[in-house]
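I set out to keep a short record of what I looked up in this structure. The entries are in the order in which I made them.

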Amino acid sequence: MTAATQTRVLPVAEPRTKVPQSPAKRRDWLTALLFLAPFLVVYLVLLVYPLFLGIWISFRDWDLMGGDYGWIGTLNYQDLWSDPVFWRAAGNTLKFAAMTVPSMTLVALLLALAVQGPGRIRAVCRSIFFLSSVFSVTVVTLVWAMVLSPDRGLIAPVVQFFGGTPFNFLGSPTWAMPAIVVTTLWWGVGLPMALFLASLGSIPKELYEAAELDHASRWSVFWRITLPSIRHTVVLVVVLQIVAQLQIFGQPFLMTQGGPANSTRTLVQYIYETSFRDWLVGYGAAMAMVLFVLMMIFSMLQLWLGRQGDDQ
Amino acid sequence: MTAARTGWALWGDRLLLAITIIVAALWLLPVIWVVTMSLKPNAELMRSTWGFIPYPFTIENYTNLIQLATVPRWLVNSLIVAIGMTLLVLTVSSLAGYAFARLQFPFKRTIFALMIAGLMIPEQAVFLPLHQMFADWGIHNTHAALVMPRVAVPIGVFLMMQFFRAVPRELEEAAELDHASRFTIFFRIMLPLSVPALTTLGLFTFIHAWNDFLWPLVSATDADMYTVTVGLASIQGNFAMSEGLGSVMASAVFASLPIVLLFLIFQRFIVAGVAMSAGK
């Protein structure tokens, strides 16, 4: 093994005695290659290559049937710039994330605080709150489109009972998105809640015992002990949620088809429609790249925030 | 919160628990409602959808569903895709995870860094080019096409690597002294030890595969090749108009049964998985 490759060994690996290049060593490398090969092949062929192919396609006039009408430079990106539907979809996506991420984080934390601890009842509640996240998006949207339905839903009869008029949430440009946010909360709260539960469970018990001796109120225990102890998890949940919610597609696609009046059309839905309804794959690929960059920025933010946390 | 509470604090705890129970009940209500509707005659649902007790009761929606054969067919597709994807992800991830955790090879750090970078590539960045590639290869509308794009998951490799690193080295060193090959060590010692980690990764993969929507939507265009997730979407579009509300609800329940059962049986592995990915 040469000096150059020695330095490439992961820092966590234990220091090894330096063995000169030998047939045994070469056999070890071959073994490692055999272990790695299946992953490397699928990774390169099905993830890395498509990524670069996607970038390539985004600079070309390319249709759904693979028809390639040549290099058009940044024309797709320029078209995006002046496409009002794209801006609307991008705005909707950001708006959706801005509504979902804080509420999801808050609800997940509240539920985690409520169901943490011993006892059968809390365990059952934990399961119930997590259960809704194993359903597929089609089942979730089917359930919630029914719940919200103005004539056959679950909310309308309650509203009527109190003398109100049933309201078609999904048919209103103002209320369709909040309705989809609620649906998303119901669907997705399990995972962030479980992350908070894991984090809450690892807070040293001694901290709480000390607070109890000081007769600290519940409120001050939460602000002084609980929240500071789980701040890393809060950051993790927020960033994971941002990245996840920027990809929203199924809920508006199935519940409102992007309507009414484009008020819930998201980026992924517009990419899907541009490519598979209008056949403009090059244009869709350019949009996918914009989304990719957007998500990358937030992922970088996580790495950066994580490093900040470690310094403290 | 360990010491016994008294007075107001105790009542506060009880009140909190009561509120939690009410919220949990409301949380579950839509599910109960849908199951109820699936067990009512369609004619009754035309009159009213309200109520949480399936009376008048019928299992006709389910028997019709099975006779229709489309939904069972989608269920079989979903099972093939989810099981195939799970097995492949486990194989690929555990092999590569072991290599990163224990084996020495040139460019290890570079390859590792490239893999980690792959964590940031979202599905949306590659689904259009993948669609073009698979069209060129002529493999759309096959189970393989639904499985393949989801096998290259860096997160699986990463999780398995984390797990293998935590295994004490002594276990392997004993075998090394006996001149056991790497493959023997891997299959005889490491894999049996990693059953909990494999279960967790497998569960998440299975759930992910079962609920996958965007890729099957664009790849499986032939109704015979739909997964349940896409199939349900194709019949729910006009459910508001349809007279067969009970049937639609029955198909939703039917499609969710495998995944709900899996969740109820393996809950603790899912929780362990979340703790594992959070507590790095």
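The entries below go through the two chains, their contact and one residue.

**Entry 1. Status of the model.** I noted at the outset that this is a predicted model.

**Entry 2. Chain A as a whole.** I looked up the secondary structure of chain A and found 15 helices and two strands. I then took its extent: along the principal axes, the C-alpha trace of chain A spans about 85 × 70 × 30 Å. The radius of gyration of chain A is 25 Å, whereas a compact globule of 312 residues would come out near 20 Å. For burial, I recorded that 39% of the 312 residues of chain A count as buried. Among the contacts in chain A with a separation of 6 or more, 69% join residues 24 or more positions apart.

**Entry 3. Record annotations on chain A.** I consulted UniProt, where an unreviewed entry lists residues 90-302 of chain A as "domain: ABC transmembrane type-1". In the model, I found that residues 90-302 of chain A are 73% helix and 0% strand, with the end C-alpha atoms 22 Å apart. Under "transmembrane region", the unreviewed UniProt entry lists residues 32-59, 96-115, 127-147, 175-200 and 280-305 of chain A. I checked two of these spans against the model. Residues 32-59 of chain A are 93% helix and 0% strand, and their end C-alpha atoms are 38 Å apart. Residues 175-200 of chain A are 92% helix and 0% strand, and here the end C-alpha atoms lie 35 Å apart.

**Entry 4. Chain B as a whole.** I repeated the survey for chain B and found 14 helices and zero strands. Read along the sequence, the pattern of chain B is α-α-α-α-α-α-α-α-α-α-α-α-α-α. Its C-alpha atoms fill a box of roughly 75 × 70 × 35 Å along the principal axes. I compared its radius of gyration, 24 Å, with the value near 19 Å that a compact globule of 280 residues would have. Of the 280 residues of chain B, I noted 44% as buried. Residues 24 or more positions apart make up 74% of the contacts in chain B with a separation of 6 or more.

**Entry 5. The contact between the chains.** I asked how many residues each chain brings to the contact. Chain A supplies 75 residues and chain B supplies 74 residues. On the side of chain A that touches chain B, helix α2 (residues 23-57) of chain A gives the most, with 18 residues. By class, I divided that side of chain A into 53 nonpolar, 16 polar and six charged residues.

**Entry 6. One helix pair across the contact.** I examined helix α5 (residues 120-131) of chain A against helix α1 (residues 7-38) of chain B; they pack at an angle of about 35°, with their axes 10 Å apart. I recorded the crossing of α5(A) and α1(B) as left-handed. From α5(A), the residues that meet α1(B) are Ile121(A), Cys125(A), Ile128(A) and Phe129(A). Their partners in α1(B) are Leu17(B), Thr20(B), Ile21(B), Ala24(B), Trp27(B) and Leu28(B). By class, this contact has nine nonpolar, one polar and no charged residues.

**Entry 7. Arg231(A).** I located Arg231(A) in helix α12 (residues 231-246) of chain A. Is Arg231(A) buried or exposed? I entered Arg231(A) as exposed because 12 other C-beta atoms lie within 10 Å, and a residue with 12 or fewer counts as exposed. Finally, I took the distance from Arg231(A) to Phe196(A): they are 35 residues apart in sequence and 9.9 Å apart in space, C-alpha to C-alpha.

Technical notes
Residues numbered from 1 in each chain as written. Chains lettered and ligands numbered in written order. Predicted model: local features only at pLDDT ≥ 70, side-chain atom pairs only at ≥ 80, totals over all residues. UniProt positions renumbered as here; feature names shortened; annotations may be inferred. Helix = DSSP H or I, 4+ residues; strand = E, 2+ residues; numbered from the N terminus. Contact = placed C-beta atoms within 7 Å. Nonpolar A, V, L, I, M, F, W, Y, C, P; charged D, E, K, R; others polar. Rg over C-alpha atoms; globule rule 2.2 N^0.38 Å. Buried ≥ 20, exposed ≤ 12 C-beta atoms within 10 Å, placed from the backbone. Axes fitted to C-alpha atoms, helices over the stretch in contact; angles between N-to-C directions. Left-handed = near helix turned anticlockwise from the far one by under 90°.
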